[in-house]
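Here is a walk through one protein chain, from its charged pairs to its empty spaces. Have the structure open and turn it as you read.

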Amino acid sequence: MATIPSTTALQRDAKHPARRVPGLEPEPTVGDDATSIGAAREAAKGCRRCPLWRNATQTVFGEGPENAEVIFVGEQPGDQEDLAGKPFVGPAGRVFDSILDDAAIDRRKVYVTNAVKHFKFEPRGKRRIHSKPNAGEIQACRWWLDKELDLIKPHVAVALGATAAQALLGKAVPILKMRGNVIERDDGLRVFITIHPSLILRIREPADKEAERERFLRDMRKVRGLMAA
Ligand code: URA
């Protein structure tokens, strides 16, 4: 019976290609030694921790000050983010920006990132249709989110939707039941749960859309309160 080498053995063998086990890729070590967000962003450009890099234009790393008090975590870059190389610059980003503005949160003072840093999509004609990242992709990319958390050391992390909550808490969270609540992690990080702003975009009925916008604004005002606390 074949024995499967441990992760550490695979990492060690990455430095000694002659000892590589055929058919098994060594654990990537890119980014291990990054000690600043700039260095981590550079290293993440070559990330191969999961296959999503193959079809995406580029890695979309987080943006914002390295000493930000709060980190907002979305799901994954969309079509426009993939092309621009920046998080939350497309339609969901515009909704997000306008509500942050109303809540008196200055986006330039917060760090904004995603649970998964490559755009996952299905081609449909000329369009690229968003496809939800799976648990393996979220887990693989968690390495980068942990790196961002390690370097920024925020007081609060805001999970924008289910994928972000799963990445931050390591388990599925019922978003609609938990929204507006804070869950404290074992390491003391407070994770505020809310919806993903794209939910507001998807609502057609104007009154319902406005009501959901108001609820999200209330959540952002709570986040602002946590920032000051
Ligand atoms: N949705 C996300 O979750 N992140 C982005 O960057 C854009 C849209």
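A salt bridge here means a side-chain nitrogen of Lys or Arg within 4 Å of a carboxyl oxygen of Asp or Glu. Keep in mind that this is a predicted model.

## Arg 128 and its two partners

Let's start with Arg 128. Its salt bridge with Asp 82 has the closest N and O atoms 2.9 Å apart. That pair ties together distant parts of the chain: Arg 128 belongs to strand β4 and Asp 82 to helix α3, with their positions 46 residues apart. Arg 128 also meets the side chain of Asp 79 in a salt bridge, at 2.8 Å from N to O. Again the link is between distant parts of the chain, since Asp 79 is in helix α3 (residues 79–84) and Arg 128 in strand β4 (residues 127–130), 49 residues apart.

Buried or exposed, what is Asp 82? Asp 82 counts as buried, because its relative accessibility is 0%. Asp 79, by contrast, has a relative accessible area of 31% and is partly exposed. Arg 128 itself is partly exposed too, at 22%.

## Other salt bridges

How many salt bridges are there by this rule? The count comes to 14. Another one of them joins the side chains of Glu 137 and Lys 120, at 3.0 Å from N to O. Here the distant parts being linked are helix α5 (residues 135–152), which holds Glu 137, and the loop between β2 and β3 (121–124), which holds Lys 120; the two residues are 17 apart. Glu 137 is buried at 10% relative accessibility, and Lys 120 is buried as well, with a relative accessible area of 17%.

There's also a network to look for: salt bridges link Arg 179, Glu 212, Arg 215 and Asp 219.

## Two buried polar side chains

Staying with helix α5, find Glu 148. Its relative accessible area is 0%, so Glu 148 is buried. Beyond residues up to four places away in sequence, Glu 148 touches Ile 37, Phe 61, Gly 62, Ile 71, Tyr 111, Thr 113, Lys 117 and Lys 153. For Tyr 111, which is 37 residues away along the chain, the C-alpha atoms of the two residues are 9.4 Å apart.

Now go to Asn 114, in strand β2 (residues 111–114). Asn 114 is buried, at 2% relative accessibility. A polar atom of the Asn 114 side chain lies 3.3 Å from the backbone nitrogen of Glu 75. Glu 75 is also among the contacts of Asn 114 once neighbours within four places in sequence are set aside; the others are Val 73, Gly 74, Gln 76, Pro 77, Pro 87 and Phe 88.

## The enclosed helix α6

Why is α6 described as largely enclosed by the rest of the structure? It is because six of its eight residues are buried. Those buried residues are Thr 163, Ala 164, Ala 165, Ala 167, Leu 168 and Leu 169.

What do they pack against? Their surroundings are β1 (70–74), α5, β5 (156–160), α7, β6 (182–184) and β7 (190–194). Just after α6, look at Gly 170, which takes a positive phi of about 75°.

## Pocket and cavity

The largest pocket takes up about 900 Å³. It is lined by 32 residues, and Ala 92, His 130, His 196, Ser 198 and Arg 202 are the closest to its centre. Two or more lining residues come from each of α3, α4 (91–102), β4, α6 (162–169), α7 (175–178) and α8 (198–202). Sorted by class, the lining has 13 nonpolar, eleven polar and eight charged residues.

As for closed spaces, the structure has one cavity of 30 Å³ or more. The space in this largest cavity is about 70 Å³. Around it sit Cys 47, Arg 49, Cys 50, Thr 59, Val 116, Lys 117, His 118, Ala 140, Cys 141 and Trp 144. By class, that lining has six nonpolar, two polar and two charged residues. Lys 117 may look familiar, being one of the residues that Glu 148 touches.

Key:
Residues are numbered from 1 along each chain as its sequence is written. This is a predicted model: local features need pLDDT of at least 70, side-chain atom pairs count only at pLDDT 80 or more; totals for chains, interfaces and linings use all residues. Side-chain values use heavy atoms; hydrogens and water are left out. Helices (H or I, at least four residues) and strands (E, at least two) are DSSP runs, numbered from the N terminus. Buried means under 20% relative accessible area, exposed over 50%, partly exposed in between (1.4 Å probe, protein chains only). A polar contact is a pair of N or O atoms within 3.5 Å; within protein, one must be able to donate a hydrogen and the other to accept it, and residues adjacent in sequence count only if both atoms are side-chain atoms. Contact means heavy atoms within 4.5 Å. On a 1 Å grid over the protein atoms alone, a cavity is a set of points where a 1.4 Å probe fits but cannot get out, and a pocket is an open set with protein on both sides within 12 Å along at least five of seven lines; lining residues have an atom within 4 Å of a point. Grid points are joined across faces, edges and corners, and a volume is the space filled by probe spheres set on the points. Ala, Val, Leu, Ile, Met, Phe, Trp, Tyr, Cys and Pro count as nonpolar, Asp, Glu, Lys and Arg as charged, and the others, Gly among them, as polar.
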